[in-house]
Amino acid sequence: MQSPVILEVEALSAGYGRFDVVRNVALTVGKGEAVALLGPNGAGKTTVLRAVMGMIKQRRGTIRVGDRDISALPAHRIARGFAAIAPEGRRLFLDQSVEDNLILGALHLRRDRSRVRTLLEGVYDLFPVLRGYRTRLSSFLSGGEQQMVSIGRMLMSDPAVMLLDEPSVALSPVAVDIVAKALIELRRRGASLLLVEQRIDVATRVCDRLYVMSHGEIVEEMTPEAVRHGGMSILNRYLG
Ligand SMILES: Nc1ncnc2c1ncn2[C@@H]1O[C@H](COP(=O)(O)OP(=O)(O)OP(=O)(O)O)[C@@H](O)[C@H]1O
């Protein structure tokens, strides 16, 4: 049985200045599903994530989370539990401790201390190494550990849908493996993920479905099985 749709993007066009960078994009993420968005540099993947977060306004189309149309909501309202992002480049406050960075993700929940504590425990269970680093300045962490904090901060807002923008980029093979295993564990916990990823191996390992974007449009939808059984040549056509 198919899971109910938690994120539905319909006929989305969005961009910067006068130009549409993404056109007529339609995608869905089911509840408890992990979906990848692949594509070459400049295809518009980050722009789709920014539009879902309300960081740029869509020009046309609809974005729904559950049964709520969030297209017209401002970014700070979307961040209150509809969607959260682990952005490209992580964007941590490097002069703040690990735990302070994490708690920033739960600003809208701050009156509910026990929920914030439970969410923090969930992050430390997912990334045990961070438990020992909670008071450490984030600037002292490795790239992989900073990525864990970024993913942890996303989890702290307890969002209906989680967006990740290239979490494996510039990480060591060991750190990529830790991140991939964490995403698989999040799926096991029932999270709904939309993952922008350059690495096909990570995307096929973590995700149930893959979309391919090229020149601002979604051009293919595939399963990891299809990629493994001959679909690689189709992907390579777009990804080079
Ligand atoms: N703030 C901005 N102002 C103007 N143009 C932008 C801005 N951000 C991105 N673009 C342009 O929009 C297009 C799509 O960019 P986007 O970052 O969405 O692509 P992407 O698929 O995520 O690629 P990458 O893997 O390089 O991040 C690119 O041509 C880019 O130059």
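User: Two strands pair if DSSP finds at least two bridges between them. Which residue in the turn of the strand 1 and strand 2 hairpin has a positive phi?

Analyst: The model is predicted: local features need pLDDT of at least 70, side-chain atom pairs 80 or more, and totals for chains, interfaces and linings use all residues. Residues are numbered from 1 along each chain as its sequence is written, and side-chain values use heavy atoms, without hydrogens or water. In the hairpin, 2 residues lie between strand 1 and strand 2. The turn residue with a positive phi, about 55 degrees, is Gly17.

User: How many bridges pair strand 1 with strand 2?

Analyst: Strand 1 covers residues 5-16 (strands are DSSP runs of E, at least two residues; helices are H or I, at least four; both are numbered from the N terminus). Gly15 is bridged to Asp20 of strand 2, and Glu8 is bridged to Thr28 of strand 2. The two strands pair in the antiparallel sense, and the number of bridges is 8.

User: Which strands stand at the edges of the 4-strand sheet?

Analyst: This sheet is open and antiparallel, with the order 2-1-4-5. Each edge strand has a single partner, so one side of each is left without a neighbour in the sheet. The edges are strand 2 (19-30) and strand 5 (68-69).

User: At what angle does helix 1 run to strand 1?

Analyst: Helix 1 takes in residues 45-52. Helix 1 lies across strand 1, strand 2 and strand 4 (60-65). Angles run from 0 to 180 degrees between N-to-C directions of axes fitted to C-alpha atoms, for helices over the stretch in contact. For helix 1 and strand 1 the value is about 115 degrees.

User: By how many degrees are neighbouring strands turned in the 6-strand sheet, on average?

Analyst: The second sheet is open too, with mixed pairing and the order 6-7-8-3-9-10. Strand 6 (83-86) and strand 10 (217-222) are the edge strands, pairing on one side only. With direction ignored, the average turn between neighbours is 20 degrees.

User: Which residue of strand 8 is the bridge partner of Leu164?

Analyst: Strand 7 (residues 161-165) runs parallel to strand 8 (residues 193-196). They are joined by 4 bridges. The partner of Leu164 is Leu195.

User: What angle does helix 7 make with strand 8?

Analyst: Helix 1 packs on this sheet, touching strand 3 (34-38), strand 6, strand 7, strand 8 and strand 9 (209-214), where contact means heavy atoms within 4.5 Å. The direction of helix 1 makes about 150 degrees with that of strand 7. Helix 7 packs on the sheet as well, touching strand 3, strand 7 and strand 8. Its direction relative to that of strand 8 is about 160 degrees.

User: Is helix 4 roughly parallel or roughly antiparallel to helix 6?

Analyst: Helix 4 (residues 113-126) and helix 6 (residues 143-156) have axes 9 Å apart and pack at about 150 degrees. Helix 4 contributes Val116, Leu119, Leu120, Val123 and Leu126 to the contact, and helix 6 contributes Gly152, Leu155 and Met156. At this angle (over 145 degrees counts as roughly antiparallel, under 35 as roughly parallel), helix 4 and helix 6 are therefore roughly antiparallel.

User: How does helix 6 run against helix 7, and which residues of helix 7 make the contact?

Analyst: Helix 7 spans residues 173-188, and its axis is 9 Å from that of helix 6, at an angle of about 20 degrees. That angle makes the two helices roughly parallel. Helix 6 uses Gly144, Gln147, Met148, Ile151 and Leu155. From helix 7 come Ala175, Ile178, Val179 and Leu186.

Note on methods:
Parallel < 35°, antiparallel > 145°, perpendicular 65-115°, else oblique.
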